[in-house]
Amino acid sequence: MKRENHTVVREFVFQGFSSFHEHKLTLFVVFLTLYLLTLAGNVIIVTIISTDRRLHTPMYFFLSVLSASETVYTLVIVPRMLSSLLSRSKPISLAGCATQMFFFITLAINNCFLLTAMGYDRYVAICNPLRYMIIMNKKVCAQQVCGACSVGLLVAIVQISSVFRLPFCDKEVAHYFCDIRPVMKLSCVDTTLHDLINFVVSSLVIVVPLGLVFISYILIISTILKVTSPEGRKKAFATCASHLTVVIIHYGCASIAYLKRKSENTRDQDQLISVTYTVFTPLLNPVVHTLRSKEVKNALHRAIGKKPFA
């Protein structure tokens, strides 16, 4: 349904966590703590992997790129969210909103396909161990990273072009950052076609990489089950456990957020889901991989001068 008021909107204001006004200070402390832990964890991972030659392998190369991407991803969203919790939300221009949305989409999709690349890396390591370094050479790894980034850039350009061609009548975004659906709701015109485009694109960038990861793990599990040694099976499963944990939570949150009907959740529920994938999920990467990776823990011990684990 078209709206009658076609006043030109040149800036937006985030409603933020207006439903939790009395808990804003608590939310600020919690989110700031998680944000600082995320930054510290990802910076440590990138630094350790880049400086320790024993970690110069395809698996840790992808992990360092994912950590760098997650760092920028949180920088795009969380600082402004924290600022709005302390004071009244400041307006953001249409250009600023488009820029934030562009980086959010690019990096979110980049992370999805990086997780797919990591799944393929685990498949090659377990199913073709003798040819691992030949298949996963530096050129192939670089191509996979460039491909993930290129898909993110392409989708972001398509989505931004679609959303910001719309005329806007309202200026209050029912969210704490410029996500696609909350911004499209401010349009003066019917957005059914744009909603369809958004759903199709979201489906492709979630279902396709998730499907590839799923195929990789079917092949991995079938190979592991053929291993006669219980110790060998345990070691193979341990190699994949960290990645699989991050994949389940990452794609689970993305699916709930973008593959549901737009009227299915309330605004508070949508914000809770968004907090999960913008604040909590980026922290999972350094925590899960650091806690479960003996190599990373040994590298950390070497960096601070302690004796590595046996």
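This is a short tour of a predicted model, going from its core to a few single residues.

**The core.** Start by selecting Phe12, Phe31, Ile105 and Tyr277. In the largest nonpolar core, which has 88 residues, these four touch the most other members. Next select helix 3, residues 94-127. Helix 3 supplies the largest share of this core, 16 residues.

**Around Phe12.** Go back to Phe12 and show what surrounds it. Neighbours within four places in sequence aside, Phe12 is in contact with residues including Lys90, Pro91, Ile92, Leu94 and Cys97. Further along the chain, the contacts of Phe12 include Phe164, Phe168, Asp170, Lys171 and Val173, and also Val183 and Leu186.

**Helix 3 against helix 5.** Keep helix 3 selected and add helix 5, residues 138-163. Two packed helices are described by the angle between their axes and the distance between the axes. Here the angle is about 145° and the axes are 8 Å apart. The crossing of helix 3 and helix 5 is right-handed. What classes of residue make up the contact of helix 3 with helix 5? There are 19 nonpolar residues and five polar ones, with no charged residues.

**Aromatic rings.** The model has nine aromatic pairs. For one of them, select Tyr73 and Phe104. Their ring centres are 5.9 Å apart and their planes are at 25°; planes under 30 degrees apart count as stacked, so this pair is stacked. Tyr73 is in helix 2 (residues 58-86) and Phe104 in helix 3, so the pair ties together parts that are 31 residues apart in sequence. Both Tyr73 and Phe104 are buried. Now add Tyr176, Phe177 and Tyr277: together with Tyr73 and Phe104 they form one aromatic cluster. Tyr277 was already selected at the first stop, as one of the residues that touch the most other core members.

**Phe280.** Move to helix 9, residues 267-292, and select Phe280. Its relative accessible area is 39%, so Phe280 is partly exposed. Add Leu34: the C-alpha atoms of Phe280 and Leu34 are separated by 7.3 Å, although the two residues are 246 residues apart along the chain. Apart from neighbours within four places in sequence, Phe280 is in contact with Leu34 and Val275.

**His194.** The last stop is in helix 7, residues 192-224, where His194 lies. Is His194 buried or exposed? The cut-off for buried is under 20% relative accessible area, and His194 has 17%, so His194 counts as buried. To see its surroundings, show Ser162, Leu166 and Met184, with which His194 is in contact once neighbours within four places in sequence are left aside.

Note on methods
Residues numbered from 1 in each chain as written. Predicted model: local features only at pLDDT ≥ 70, side-chain atom pairs only at ≥ 80, totals over all residues. Heavy atoms only, no water. Core = buried A, V, L, I, M, F, W, Y, C linked by side-chain atoms within 4.5 Å. Buried < 20%, exposed > 50% of the residue type's maximum accessible area, 1.4 Å probe, protein only. Helix = DSSP H or I, 4+ residues; strand = E, 2+ residues; numbered from the N terminus. Contact = heavy atoms within 4.5 Å. Axes fitted to C-alpha atoms, helices over the stretch in contact; angles between N-to-C directions. Left-handed = near helix turned anticlockwise from the far one by under 90°. Nonpolar A, V, L, I, M, F, W, Y, C, P; charged D, E, K, R; others polar. Phe/Tyr/Trp six-rings, centres within 6.5 Å; stacked < 30°, edge-to-face > 60°.
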